[in-house]
Each structure stands twice: as structure tokens, then as C-alpha cells.
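Here is a short tour of a model with more than one chain, taken region by region. Keep the structure open beside the text and follow along.

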Amino acid sequence: MSDVVLAGVGGQGIVLASKLLAEAAFRAGYDVKANEVHGMAQRGGSVLAQVRFGEKVFSPLVPSGRADFLVGLEEVEALRYAGYLGDGGWAIVNRRKIVPVTVSSGSFRYPEDIEGRLRARFERLVLVEGERLAREAGNARTENVVLLGALSNFLDIPLGIWEEVIAHLVPRSTEANLKAFSLGRDATVEARL
Amino acid sequence: MRKVLSGNEAIARGAYEAGVAVAAGYPGTPSTEILENLAGYGEVYCEWAPNEKVALEVAAGACWTGVRAMATMKHVGLNVAADPLMTLSYTGVRGGLVVVVADDPGMYSSQNEQDSRNYAKFAKVPLLEPSDGQEAKDFVEVALDISERFDTPVVLRSTTRLSHSRSVVALGGRRSPQVPSFSKDPQKLVMLPLYARGRRRKVEERMRALREFSERFPHNRIIWRERKLGVVTSGVCYQYVEEAFPEASVLKLAMTYPLPEGLIRSFAEQVEEVLVVEELDPFLEEQVRSLGVRAEGRRYFSGIGELGPDGVIRGRMRWEGRDPPEPRQEADLPPRPPVMCPGCPHRGIFYVLSRMDVVITGDIGCYTLAVFPPLNAMDTLICMGAGISASMGMAKAGLKKPVVGVVGDSTFFHSGMTGLLDVAYNRGDVTIIVLDNGTTAMTGHQDHPGTGRTLMGEETVEARAEDIARALGVRRVRVVDPYDLSRTEAVLKEEVASPEASVVVSRRPCLLLTREYGPRYEVSAEACTGCGRCLRLGCPALEKDGAKVRINSLCTGCGLCAQVCRFGAIAREEG
């Protein structure tokens, strides 16, 4: 079974990313469960989604310390949910800082040397230039799909299925999202070696 | 065909397949997407009612014509609909009637985490708890069959984790709806005392019959494994039990009221020890124990918040006599609470209120976020509509400080109007602000009686808060644009000072809906003194940058910061 935890900030497209992954896993023949957050939790707050797939999935929630992959769309959020990742799991983290209002208003500080902390916390870490690659793909809002592309290097889901699912679920900006996916995938293809 | 569906999409599909003809509800996380998806099929009449009581009464009326009907709501919505539910238990149904209620353990998007299963027991109606998307879909039809067979409304209870989880669901076709007709039967449908006494007896006969039925109900099932431990569970908790107790035998209950007493006793007799695993109230545990069965539940499994697999794993450790480890948290991370969006029309109103010496009674919606720093502009919140009524109580108590009640547009139509009638009728000296952003924003932009459009996509009348306020007897009614801070401030000051009730409608559509972004603003580093006044708006687009402030890419061009800056340091970006 593969357990994926996605963390980020409301508005970054976590729900879409989890939908794409769940649909791709389903089409690849797996049983799948996924969950996402709606309502109050979405307004620019810290957001978590989880996708589990395999022969048979029971709980839609991943137990702490069991995830195989932690996909962080934002650096502080990746650290916040680090506890989900199991031994030997991979953290795939977007090099992106989004300053929370608690910081911009001066009450808290955004951690200095966040990259150092990520490296110290995660034994297996892939950093992704999501913002740059999304812009290169022609749509700054495709960072979520860039990160999925990076994750796809580690999953047993054929490329054709990913492309099919992106076209199906993002019909209005398929092209930019396909590009974002392949840029993310290509940029990190060597990480696993 | 099989598809990946959320629990809410699955419930909608279930209603579609079961031939439901009429469905009504009020948006509320985590239940909202059920009706939105059902409306998408185009073959079922679906409506957003002004509130859940109306929704359930609409569904009841529909089912009395012989068609199948559904009402959907979140847990606190069932409090509003409790009045019709209690007596619908007496009248019963003709076509099937299912009441879908979605609880929110953990309060992801709610003001409490009440366990709505208690309503089924309270109202003496059967209760079903699906554990995944497939059951969510299938149990709608099961519920409607039970409803028709036993002449009763049936409660189908979901939770956030079921409603908002996606899983694989096998789909079927749609059964044709009944043709509506009506025949008189006042002894059944007119609940004056004489006839209600007769139906009261029927309710007890029905409960007896349902208890027998539950013993053979095929969805209550035992998964036999080792006989050392037997776990009794229901709903999504069943999934957690499968992960945390893979060796245990499990009695998975689908109908959790009334319970199959014989089945529970026989299960308990065949295992050495019984645990009950459930979220929130010890609803099953108390009933199981009342049968004389030795069982433990709440002793090991927390009744606060969502259990999740971690909660069940930790409960297992306690049961085994081990101390569960404290979860390891990274230190010194800045919290990231939800915030009002950049360009949110509510910000202007609450900025003005935050600078006035008033008590603010709040209500349910995005604007509740005004409670957080730096606005700190909400003093009370309990439920829909109380923003108005609670302000009345404070004023009538004789509080010297002025009281301002705030309420959103959808919330005003839901249950604010009756409170406002009280204010007008009993001559309350309060200022009520209706925050009219033209949508039900928090739950994802659903239409309501003020939007001019129905859930079925048809154009319709547009109810106006200011017209309603006048019709209810309020004489001082003003409308402001919350992007215009100086006028908003002037109007609020006048109305707060006026010695009678007034209503201020703050009108500006939700920016997430219109997506009408103006040119961005920027800070002139030379002119900025770093006084921090603009930061008191709590806008995510404004960031402290050393001693100065800068505006980031989230800026929508609302211009509030330029209006509050005393040094003219903020202006529209050139070009």
C-alpha cells in the first residue's frame, strides 16, 4: 500500500492534487481512499490531504508515522506535518515560502534557515523549484501539479494514466498542467537513484 | 461502472438511483456537496431552503404525496429541523423520507461537535451509519426502503471524514419516481392531540418491529477472526478498527438505532472481551451495557474530537496498559489559522468596528474570522441568527456600551429575520449589520433567497435585506459599500449613536465569486514610516518587510490599505 500525505496552504490546489492522485491510482487498478478539507479550514489556513492506495484500503486517514510520501507545497507546512512520514519515507517539498498573517503582523517569525531544518528533519528529501517550473509551464497556479510530477517518479502509475487524468479533471487548462507535470517529473527523475 | 466518489457525491448518487423526486437542504460543511451533486443530475427537484427546518418540512410534504424525498444538513442544522423531525416520527411517511445529517467530529468547520445519533433515539426513528462511499450510496436506498416499510423517517448519519473522503463506488441505474397523489388521512397526518395520541402508540409498535428487523438486517454483520477480543463499531470508525485491531472479531453495525440486541448478546457471548469503538458520545456503549453486556469504550477511546486511526491506535495502547507516546511536533512553527481573503468585503466593516468602543455579537460565516487578531472584532458566537438576538439581550440588560450585531446575508435569511422582528417589535436599541456578500461564501458559494438564482439554476426573485428590515418595522435602514471606509465609518457612527434600532446593509459581492480584481497597490518605501496601521487590517497581502510594509502578489486591489494609510504611502501600481 502507498500512503501519500499532501500539505500546503489553502488556495494552493491541494484538493485538486489529491483528486488527481486518487483518480490516477484508481485507473491504475488500485483500491483507493483519499480525504480533503473543506469550509473554514480552507481560507488561507494550513491544509492537509491524504491519499492511500493499494490492494485494499480501510481508513481514509493515514496513521501518524506511516506515510510513504509527504508532499509539501510550502516549506513550513511540510515541517508541520512531518510526523506523518514513516521510516524510509520520502519528503518531496516545494521551495516555496508563504508567510502566514501571524508572521506578517509581527506576532510570530517565519523560521530562518528553513531549508536546513528540512534537511535535518527528512533523511530522504527532494526539493522542487515549483514556482519556477509552474511559471515555465505557463501557469503560476500549477505548482501543485509540478509536485505531483515529482511524486510520480516514485509511484507505480503509468505516465499515460497521469496524462489521461489531467486531461479529464483539468479540462480548461490541460496543456499547462501537462507541461507542469512533466517539468516536475523531469526535474526530479534522478532523485530516486 | 465504478467511480471514485466523495461520500457526499455517493449519497447524492444514492438518492438519484433510489428515485428520490424532491430533495431540500441548507448548505453546511460537511454536508453541502450532497445537494449540489444531486442537482447536477438534473432529474431530481433540489432546493436550497432558507433553513433546515424549512428543508425538512418541504421533504415531508413531498413524501406525503407518495414520492421519495430527502433532506440534507449538517449536525447543527438538525437542531433547527428538530421540531418537524420529532412529530414526523408520529405522522410517518408515504413515499420514503431520509434525513441526511453530517456530523463534524473535531469541529473542522463547526461551532460544536454534537453527536446527532442521539436525535434518532430522541425522535424514535431508525438510524443508519455508512462506513465508506459504497455504503453511503447504497444506504440511501436502504433507508428509503425501511422508511416506506415501517412508515417512518430514517436518519442517515455521515461525518466529515466520510462526507469528504473519496473511495471507489459501484454505480447503478435510476429507479423511476412515483407519480404524486394525495388522499386524506387526518388521523395519520394531522397531529392534533386526539390523533397524535393514536400515532404515539404506533411509534412504539414500529420500534418493536424495527428491533426485530434489525436482528436480521443484513448490513449489521460480524467479521469473525480471533475470539479473544470482539469490537463493536459503526460508521467510519469501522475502518480505523480494521487497521488498529486486525486480529479482532468485529461486529460492524450499520443500523445503530434501534440496536439488534440478540445479535449483540450472541456476539459478546462468543468473545472473551468486548470493546466499543465510536467517536463523540458513548451512544453504542451505553446501549450495549444496558443489555448487561460487559463492554469498555470511552475508558480507552477519547470522546473528544475525531478519533481517526491514531485515536484508535492510542486507545488500543491504553487498553493494553501502555502509555501512548506524545505526538512529536516540530518546534517554533508559526501558526497558520484561516484568514479573511485578500479583498474580502467583510474586512472594511470589521476594521471600522475594531476602532469603535462597541460590543459585537457575531454569527456564523466567513466573517467569524474577524475574531482573530489583528481585528479582534467579535465578542460572542453561538449559532445561526444569534448575532441579532444576542445583541437584543445585551441591550435590554441595560448595558451602557452600544451593541452591534453582525449577520451574513444567507444567515439573515436562515434565522436572522425572526430575531430582527424581535428587535423591531420589542424596540431594541441595537445596530444590526447585514454583511451582504451576495452568496453563502463559507460553504463554497451556494445561492440563497437573495441571489436571484435557485439551486436548479433558474432565475427567481431577489430578497433584499433592507426591504425585509423595513417590512419588519425597522425605521432606520442604510446601505453602505464596505470598500468605502470613510462613509462606512460615518454611517456606523451615526447608527450606533441613534437611540433606536437600525440596520446597516454592507453590500459588496464576495471577491472569490466575482473574481473582479482591480490593479494592485504598492507601498512607496520613501513615504512608508512603518507605523503598522495598515497591518491592523489583517490582510494577507500586506507583509512586514524590515521596518516597512510591502504588498505581495495576493493583492486584489481593494484599496483599503491606501485608505487607512496616513502618509499617502500606498497607491495603485503604475502601468
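## A lysine of chain A beside chain B

A good place to begin in this predicted model is A:Lys33, which sits in strand 2 (residues 31-35) of chain A. Is this lysine buried or exposed? With a relative accessibility of 6%, A:Lys33 counts as buried. Its contacts come from both chains: among them are A:Gln50, A:Val51, A:Arg52 and A:Phe58 of chain A, along with B:Asp132, B:Arg166, B:Ser167 and B:Gln239 of chain B. As for spacing along chain A, A:Gln12 is 21 residues from A:Lys33 in sequence, and their C-alpha atoms are separated by 21 Å.

## Two more buried residues

B:Gln239 also turns up among the contacts of B:Ser131, together with B:Leu162, B:Gly235, B:Val236, B:Tyr238 and B:Lys252, leaving aside residues up to four places away in sequence. B:Ser131 belongs to the loop between strand 6 (127-128) and helix 7 (133-150) of chain B, and at 3% relative accessibility this serine is buried.

Back in chain A, helix 3 (residues 101-104) holds A:Thr102, a buried residue with a relative accessible area of 12%. Which residues does A:Thr102 touch, not counting those up to four places away in sequence? They are A:Ser107 and A:Phe108 in chain A, and the prolines B:Pro334, B:Pro335 and B:Pro337 in chain B.

## The domains of chain B

Chain B is divided into four parts: domain 1 (2-216), domain 2 (221-319), domain 3 (346-514) and domain 4 (521-572). Between the C-alpha centres of domain 2 of chain B and domain 4 of chain B the distance is 56 Å.

Toward the start of the chain, helix 2 (residues 33-40) of chain B has B:Glu33, B:Ile34, B:Leu35, B:Leu38 and B:Ala39 as its buried residues. These pack against helix 1 (7-17), strand 2 (20-25), strand 3 (45-48), strand 4 (68-74) and strand 5 (97-103) of chain B. Just after helix 2 of chain B comes B:Gly42, with a positive phi of about 75°.

## Parallel strands and crossovers

Strand 15 (residues 403-408) of chain B is mostly covered, with six of its six residues buried. B:Val403, B:Gly405 and B:Val407 point one way, B:Val404, B:Val406 and B:Gly408 the other, and all are buried. Strand 15 of chain B runs parallel to strand 14 (residues 359-361) of chain B, joined by three bridges, and B:Thr361 stands opposite B:Gly405. A right-handed β-α-β crossover leads from strand 14 through helix 16 (residues 386-396) to strand 15 of chain B. Strand 15 is also parallel to strand 16 of chain B, over five bridges, with B:Gly405 opposite B:Ile432. Here the chain crosses through helix 17 of chain B, again in a right-handed β-α-β crossover.

Further along, helix 18 (residues 465-472) of chain B buries B:Ala465, B:Glu466, B:Ile468 and B:Ala469. Seen down the helix axis, these residues fall within an arc of 160°, so they line one face of helix 18. Their cover includes helix 17 (409-425), strand 16 (431-436), strand 17 (476-480) and strand 18 (502-507) of chain B. Just after helix 18, B:Gly473 takes a positive phi of about 110°. Strands 17 and 18 of chain B are parallel and share five bridges, one partnership being B:Val477 with B:Val503. With helix 19 (residues 485-497) of chain B, they make a right-handed β-α-β unit.

## A hairpin and its cysteine neighbours in sequence

Strand 20 (residues 542-545) and strand 21 (residues 548-551) of chain B pair antiparallel over four bridges, and B:Lys544 stands opposite B:Val549. Two residues lie between the strands of this hairpin, where B:Gly546 takes a positive phi near 65°. In strand 21 of chain B, B:Val549 and B:Ile551 point to one face and are buried, while B:Lys548 and B:Arg550 point to the other and are not.

How many disulfides are there over all chains? The count comes to zero. B:Cys531 is partly exposed at 41% relative accessibility, and its sulfur is 6.3 Å from the closest cysteine sulfur, in B:Cys565, too far for a bond. B:Cys555 is buried, with a relative accessible area of 13%; its closest cysteine sulfur, in B:Cys561, is 6.1 Å away, also too far for a bond.

Terms used
Residues are numbered from 1 along each chain as its sequence is written. Chains are lettered from A and ligands numbered from 1 in the order in which they are written. This is a predicted model: local features need pLDDT of at least 70, side-chain atom pairs count only at pLDDT 80 or more; totals for chains, interfaces and linings use all residues. Side-chain values use heavy atoms; hydrogens and water are left out. Domain bounds come from an automatic or database domain assignment. Buried means under 20% relative accessible area, exposed over 50%, partly exposed in between (1.4 Å probe, protein chains only). The arc is that of the directions from the helix axis to the C-beta atoms. Contact means heavy atoms within 4.5 Å. Two strands pair if DSSP finds at least two bridges between them. A crossover is right-handed if, with the strands pointing away from the viewer, the path from the first strand over the helix to the second runs clockwise. A disulfide is a pair of cysteine sulfur atoms within 2.5 Å.
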